[in-house]
Amino acid sequence: MAIFEVEKLGLHYLTRFGQKIHAVTDVSFSMDQGEILGIAGESGCGKSTLVNGLMGLFIPPLYPTCGDVRVDGESLMNRTPEDVRQNVLSRKVSMIPQGAFNALNPTRKVKDIAADVMAAHMKGIDKKQIYERLIERFNLFGMDTKRVLNSHPIQLTAGERQRSVIGISTLLNPQMVIADEPTSALDVTTQKVVIKMIFDLLEKGIFSTMIFITHELPLLRHVADNIAIMYAGEIVEKGTAEQVVFDPRHPYTKALMGAMLSAEPGQKQRKPTAIEGAPPNLAKPIEGCRFAERCPSAKPECKQKKQEIRIVGDRQVRCDYAE
Amino acid sequence: MQSNNIFTAVNSVCSFGHGKKLVRAVDDVTFHIADEEIVSIVGGSGCGKSVLAKMMLGLHYPSAGTFLYKDKPITDHCVHWREVQAVFQDPFSCFNQFFPIRNQLKAAFGIYKDKPSNKEMEERVDQALLAVNVKPSEVEGKYPFELSGGQMQRMLLARIFVLRPKVLIADEPTSMVDACVRANILDYLMKLKEELKMTIVFITHDIGLAYYVSNRIFIMHKGKIIEQGTPDEVTQSPKSEHTIQLLEDIPEINREWIKA
């Protein structure tokens, strides 16, 4: 049974001039227990907006347009931010934010930040118990627990900070973790350490289902079971990691793979090719395929005809001409 | 004696603190960077590559040894920065939050003694914006906080395209943008290099990126340059264990990375 279901989710921002910007449109997917879904796409394609939507956290100017998000059959829509913070975040859905440094309060020690999360969600737990549980949990991460917990964020290295944030996010054993570019500000060595820690937590059963958001497709190939590619607020292709990385079908995915670099022999001659042009302006209604303007294999009718998700083989592609 | 070296370092040291807390961020490095060369400095975080970049910009002076730009020590920043410009890691800390982006791009011309005419400045800003894949109308009247991280990084690069310096110190310019913009930026850097005969010092932790762009690669570890050579030498037959480590940690699509 699917643990996490998203049905025709649409999200928009309302500007102060009353203009609606449809950042996410028509996103549907479902996830089983233990699945890791990777979401990739270029910056500004709606990945981070989708994260807020998936947590049911609608803080103006972000509003839901349509659709539904369900965790274990329970809808997250139409809740107040207070209700979401109290009953959804950290327990049902937890998020690992992008910049660890901005996520931690610089004036407080890591243990105090973590203790706040526990105190807010567990009524009647006393300080001693909190710290015992914290030390127990942080011991799993292979860090110098005492030093990390008693430091201010600025005293830690980037890797330690990111690992502390992951630790805090998963303190209450959430059913579902959404990692929004957890490693994009780290160097390759630290990135590997952080990913290893995430896999470690998965193995120990702290959480089992994860959405991993990044723009590095090669990284997703190693992390995710399934990959969804987003473009201008829509999912344009979804399949298993191997399918999407080695045998992309949608023209956008193909173009993304063409932009990848690699240090393998003979690759220096192969030029990474950028995609010409810019994504469409989402404030205006778009008819037809959103990628048509930049698509190398676009046909004249692509600009008028709206593309729907269809099944090609055993994957979903939003292109009428993909084979 | 006139050599065509842009940067010359002989036993340069840059240290912070003193006594027991002395940290040698750049430790006894010796290298030459020739004119029109693209050199990548690769290393993990905390290896001293950003300090080396700041030495090149004249923001840190060497504590010992010599560090020369065009065979002269760096003294006057204002003159130095007309020829040497930088792109930094975090674009949000590089722009003033209180002024529109476009005005700040135009204000970059202030470093010159004689500014071009207003019309030419506007034109060059437009060109620079198009070069980084942003329509000028998209950022018209916008403030830094209204743009996404990827867009901001592109604004920072647009500033370089506006100024067209002789030497560019790029301190992880692509660590926060996506693959597609990265390819675009690299393309444009190559074009700039060919058109303006620019020297580029590329600082990155991604050896794949370094392999693609550079003529020579320096690998840094704990303040020392432990390996230098052409991209093929460094990636195909790495000598130091740290280089091997860096190569192994890249998530390549054709190789087992984490599950092995």
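This report walks through the fold of chain A, one helix pair within it, and its contact with chain B.

The model is a predicted one: local features need pLDDT of at least 70, side-chain atom pairs count only at pLDDT 80 or more, and totals for chains, interfaces and linings use all residues. Residues are numbered from 1 along each chain as its sequence is written, while chains are lettered from A and ligands numbered from 1 in the order in which they are written.

Let us start with chain A as a whole. It has 11 helices and 12 strands; helices (H or I, at least four residues) and strands (E, at least two) are DSSP runs, numbered from the N terminus. The C-alpha trace of chain A spans about 70 × 50 × 40 Å along its principal axes. Its radius of gyration is 21 Å, which agrees with the value near 20 Å for a compact globule of 323 residues. That radius is taken over C-alpha atoms, and the globule rule is 2.2 Å times the number of residues to the power 0.38.

Next come the strands, where a pair needs at least two DSSP bridges. Here β4(A) is a good guide, with two pairings to look at:

| Strand pair | Sense | Bridges | Residues opposite |
|---|---|---|---|
| β1(A) (residues 2-14) and β4(A) (residues 62-71) | antiparallel | 8 bridges | Val6(A) and Val69(A) |
| β4(A) and β5(A) (residues 74-75) | antiparallel | 2 bridges | Val71(A) and Glu74(A) |

The hairpin of β4(A) and β5(A) has 2 residues between the strands, and Asp72(A) takes a positive phi near 55 degrees there.

Now for the helices. Helix α7(A) (residues 158-169) packs on helix α8(A) (residues 188-203) at an angle of about 20 degrees, with the axes 10 Å apart. The two are therefore roughly parallel, a term for angles under 35 degrees. Axes are lines fitted to C-alpha atoms, for helices over the stretch in contact, and angles run from 0 to 180 degrees between N-to-C directions. From α7(A), Ala158(A), Gly159(A), Gln162(A), Arg163(A) and Ile166(A) meet Thr190(A), Val193(A), Val194(A), Met197(A) and Ile198(A) of α8(A). Contact here asks for C-beta atoms, placed from the backbone, within 7 Å. By class, the residues of this contact are 6 nonpolar, 3 polar and 1 charged. Ala, Val, Leu, Ile, Met, Phe, Trp, Tyr, Cys and Pro count as nonpolar, Asp, Glu, Lys and Arg as charged, and the others, Gly among them, as polar.

Finally, the two chains meet through 37 residues from chain A and 41 residues from chain B. On the side of chain B that touches chain A, α7(B) gives the largest share, 7 residues. That side has 20 nonpolar, 15 polar and 6 charged residues.

Key:
Angles under 35 degrees count as roughly parallel, over 145 as roughly antiparallel, 65 to 115 as roughly perpendicular and the rest as oblique.
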